[in-house]
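Me: I'd like to go through this structure together, one question at a time. Ready to take a look?

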Number of protein chains: 2
Amino acid sequence: MKISTLGYAVLGLLAGGEMSGYDLKLRMAEPVGYFWEASHSQIYPELAKLEGAGMVFHEVVPQSGKPDRKVYGITASGLEAVGEWVTGPLRASPTRDETTLRAYLSWLGGEREMAGVFEGQARLHRERLAGYRRTERWILANCGGDPLTMEGRDFAGYAALRRGIGFEREFSEWCQWVSDTLGARAGARE
Amino acid sequence: MKISTLGYAVLGLLAGGEMSGYDLKLRMAEPVGYFWEASHSQIYPELAKLEGAGMVFHEVVPQSGKPDRKVYGITASGLEAVGEWVTGPLRASPTRDETTLRAYLSWLGGEREMAGVFEGQARLHRERLAGYRRTERWILANCGGDPLTMEGRDFAGYAALRRGIGFEREFSEWCQWVSDTLGARAGARE
DNA sequence: TGTACCATGTAATTGGTTACATGATTAC
DNA sequence: GTAATCATGTAACCAATTACATGGTACA
């Protein structure tokens, strides 16, 4: 059976501990370091598929006042599958970024309006960056200052976070540069 | 009629000059600044759809020895549609990057093998970066050294290229850092 | 009274990839 | 010969988004 990238993401999260589809949804709702978003309408069918393939199993946990939970865990063959995938060949995924596309086509819009579009994007990515930096400060405080002493899972999480920080820093600075440049031009035309 | 992002990308490219589906395919095959990839199997139906909506038109240009070309141009309403879209509201697109996901799950694979995965990615993105830098040197040489004097379309292309350079620089450096860190650990365990 | 959270799912649709299909020309 | 380029398209499939669907609890 062929497993999709989403399937491996789910297996990888379950390898770190048992959780329900709802828990998975919460962890994959925002890209805080995971860089793989998914909604519940994708996760529930994926779990059913993985269970059919013997990669995960579940147990129904009744709750009082709240709906029952289906708590999923990973099987031995599931663990083997992620372990092989994670070191396997990795192709460059197709590049699609609407913000950069808009920059490329920015000559089709007014300078002042375009500057506003990029100002908004700059703000959004600065906010994400600030969030990631807060997380990093928290991690550094809880490991004695040197993240390189972290082992396995902790280092893996930190590495993904570093990527988030680098990505959002570069992206927000670029958006600001585009906005400032277009804004200055609009101003100079008055 | 609702136009997809691919549709706007096609309209935007046609706004810069008439071209065939094949030409569009060539320009969207690699992300050199455009940051929106597409294959011919997506482009041809999209052109037909846009033509049905009156956004583009075509003319058959016969050739000797080669198949006939269908050369597409943008209509007034097509130009109006892209112009409105490019300054319109822009939502943050979902984040999905398999390389970062692999870093997050790297504790599931052997350190030496994981270091190899990131070494490969580092090389790939360094090569793309080098290609973009060559393009930038060529542009700077052809505009007298100051890219900020560029107007409209030229500046738009340069802005997208700057994004490509920033993205690949950050990405390749991060991949190298992950690879080096994991490699040093694998070495230290001997 | 309304909104958000918990918790599960399905259905319809759009977007994108891979494979199928044709046929002449040019370069190695 | 055989691969690549030119030039067009369609069909089957997979991945992802949006909308539909249910129902109790907590909080303002």
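Reply: Sure. One term before we start: helices (H or I, at least four residues) and strands (E, at least two) are DSSP runs, numbered from the N terminus. Also keep in mind that this is a predicted model.

Me: Which elements each supply at least two residues of the surface near DNA strand D?

Reply: Both protein chains take part here. Chain A gives α3. Chain B adds α2 (21–28), α3 (40–52) and β3 (69–74). The largest share, three residues, comes from α3(B). So, by the DSSP numbering of helices and strands, the full set is α3 of chain A with α2, α3 and β3 of chain B.

Me: Which side chain has an N or O atom 2.3 Å from a phosphate oxygen of DNA strand D?

Reply: Let's run through the phosphate contacts of this strand. For R96(B) the distance is 2.9 Å, and for K70(B) it is 2.5 Å. The 2.3 Å value belongs to Q63(B).

Me: What share of the atoms of DNA strand C within 4 Å of the protein belongs to sugar or phosphate?

Reply: There are 23 residues around this strand, and Y22(A), H40(A), Q63(A), K70(A) and S41(B) come nearest. One backbone contact is K70(A), with a polar side-chain atom 2.5 Å from a phosphate oxygen. Bases make up the rest of those strand atoms, and the sugar or phosphate share is 65%.

Me: Which residue has a polar side-chain atom 2.7 Å from a base oxygen of DNA strand C?

Reply: Q42(B) isn't the one to pick, as its side-chain N or O atom is 2.9 Å from a phosphate oxygen. The base oxygen contact at 2.7 Å comes from S41(B).

Me: How many charged residues does the surface near DNA strand C have?

Reply: Split the residues by class. Six are nonpolar and ten are polar. That leaves the charged ones, and they number seven.

Me: Is Y44(A) buried, partly exposed or exposed?

Reply: Y44(A) sits in helix α3 (residues 40–52) of chain A. Together with Y22(A) and L26(A), Y44(A) forms a nonpolar surface patch with about 320 Å² of accessible area. Because its relative accessibility is 39%, Y44(A) counts as partly exposed.

Me: And A9(A), buried or exposed?

Reply: A9(A) belongs to helix α1 (residues 5–15) of chain A. A38(A) is 29 residues away from A9(A) in sequence, with 9.8 Å from C-alpha to C-alpha. The cut-off for burial is under 20% relative accessible area. A9(A) has 1% relative accessibility, so A9(A) counts as buried.

Technical notes
Residues are numbered from 1 along each chain as its sequence is written. Chains are lettered from A and ligands numbered from 1 in the order in which they are written. This is a predicted model: local features need pLDDT of at least 70, side-chain atom pairs count only at pLDDT 80 or more; totals for chains, interfaces and linings use all residues. Side-chain values use heavy atoms; hydrogens and water are left out. Patches are made of residues with over 30% relative accessible area and no salt bridge: like charges are joined within 9 Å, nonpolar side chains (Val, Leu, Ile, Met, Phe, Trp, Tyr) within 5 Å. Accessible areas come from the Shrake-Rupley method with a 1.4 Å probe; for residues, only the protein chains shown count as cover. A salt bridge is a side-chain nitrogen of Lys or Arg within 4 Å of a carboxyl oxygen of Asp or Glu. Buried means under 20% relative accessible area, exposed over 50%, partly exposed in between (1.4 Å probe, protein chains only). A polar contact is a pair of N or O atoms within 3.5 Å; within protein, one must be able to donate a hydrogen and the other to accept it, and residues adjacent in sequence count only if both atoms are side-chain atoms. A residue is near a molecule or strand if one of its heavy atoms lies within 4 Å of it. Ala, Val, Leu, Ile, Met, Phe, Trp, Tyr, Cys and Pro count as nonpolar, Asp, Glu, Lys and Arg as charged, and the others, Gly among them, as polar.
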